[in-house]
Amino acid sequence: MSHTGAGPGRDHAHRVHAQRPRGVGRSDETIIEIAKRYGIEIPHLCYKEGMRPDGNCRACVVEVKGERVLAPACCRYPKDGMEVTTDSARAVTSQKMVLELLLSDIPEKSYTLAF
Amino acid sequence: MADGHQFYAYLPGGASGGILPATMGDIPLDFDTLNQYGCFIGSAAIVILSDQDRATAAARNLIRFFSEESCGQCTPCRVGTAKALRLIEKPTWDQALLKELSQAMMDASICGLGQAAPNPLLSVLKYFPSEIS
């Protein structure tokens, strides 16, 4: 599992990147759970610990090397040698677009303060 | 072609296989022969457009179809098809935004419907730019 933090002041992210950690995950653990153990945050909306993950919102999509499309981190399980990138430009584009699409259907007044 | 019509464009693979101009009408129809043109054979249901049709009109029709057929399970397909339709109903298209939206639909949708839904509009951007400028 690799994590390439960007921008100044994110020493931790850079250190993780430098090490390019090889994560170990159990076969019954999802990518999002394994990432969390390694201190890597993956954005998510419909996933909640303790509830069955369905992978519907697609806010947690990550890039798995060799796969044609992105994978939902909340309900994908590890395989030997699997290379997962949580914050590639491709993954982040989709993660952001999912939020933008959902937000675009919410009336402005319901998420902003009225003065 | 019927009397008074000239071959203008065609859909090589049903609703989601993309749209190609008549000048590319001699590409062999087979698996993997259309990929390099951003199209695929899909259901192999070929649809022919004449010079009295418009690729943009076909794309609007197809995206509306995908929007209505989307099961609604995942965000990129459910909301993406609806937003794509709103964007391409305009006379001029926001190409950068459509490409960004299409990428997320292709990469993050659960199934083939959402993943292939942007194909018609991407074909218009690629092969029929004069219709949307």
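Which residues of α5(B) are buried? They are Asn119(B), Pro120(B), Leu121(B), Ser123(B), Val124(B), Leu125(B) and Tyr127(B). Here "buried" means under 20% relative accessible area, "exposed" means over 50%, and "partly exposed" lies in between (1.4 Å probe, protein chains only).

This is a predicted model, in which local features need pLDDT of at least 70, side-chain atom pairs count only at pLDDT 80 or more, and totals for chains, interfaces and linings use all residues. Residues are numbered from 1 along each chain as its sequence is written, chains are lettered from A and ligands numbered from 1 in the order in which they are written, and side-chain values use heavy atoms, with hydrogens and water left out.

**Inside chain B**

Let's stay with that helix for a moment. Helix α5 of chain B covers residues 119–127, and 7 of its 9 residues are buried, so the rest of the structure largely encloses it. Helices (H or I, at least four residues) and strands (E, at least two) are DSSP runs, numbered from the N terminus. The cover over the buried residues of α5(B) includes β2, α1 (55–69), α2, α3 and α4 (112–116) of chain B.

Now look at Thr81(B), which sits in helix α2 of chain B. Thr81(B) counts as buried, at 1% relative accessibility. Leaving aside neighbours within four places in sequence, Thr81(B) is in contact (heavy atoms within 4.5 Å) with Ile63(B), Phe66(B), Ser67(B), Ser70(B), Pro76(B), Met105(B) and Ala117(B). A polar atom of the Thr81(B) side chain also lies 3.5 Å from the backbone oxygen of Arg78(B).

**Chain A at a glance**

Chain A has 3 helices and 3 strands, and along the sequence they follow the pattern α-α-β-β-β-α. Of the 115 residues of chain A, 35% count as buried. Among its contacts between residues at least 6 apart in sequence, 41% join residues at least 24 apart.

**Two residues with positive phi**

Each chain offers a residue with a positive phi that is not a glycine, Arg58(A) and Asp32(B).

| Residue | Phi | Place | Relative accessible area |
|---|---|---|---|
| Arg58(A) | about 70 degrees | loop between α2 (31–37) and β1 (61–64) of chain A | 5%, buried |
| Asp32(B) | about 75 degrees | loop between β2 (20–21) and β3 (47–50) of chain B | 62%, exposed |

**Where the chains meet**

How many residues does the contact take from each chain? It takes 18 residues from chain B and 17 residues from chain A. The size of an interface is often given as the accessible area lost when the parts come together. The area buried between chain B and chain A (accessible area, 1.4 Å probe, lost on being put together and summed over both) is about 1,400 Å², and carbon and sulfur atoms give 57% of that.

There are 2 salt bridges between chain B and chain A (a side-chain nitrogen of Lys or Arg within 4 Å of a carboxyl oxygen of Asp or Glu). One of them joins Lys83(B) to Asp105(A), with the closest N and O atoms 2.7 Å apart. On the side of chain B that touches chain A, the elements giving two or more residues are α2 (75–88) and α3 (95–108) of chain B. Of the elements there, α3(B) gives the most, with 7 residues.

Key:
Buried area = accessible area lost by both parts, 1.4 Å probe. Polar contact = N/O pair within 3.5 Å; in protein donor to acceptor, adjacent residues only side chain to side chain.
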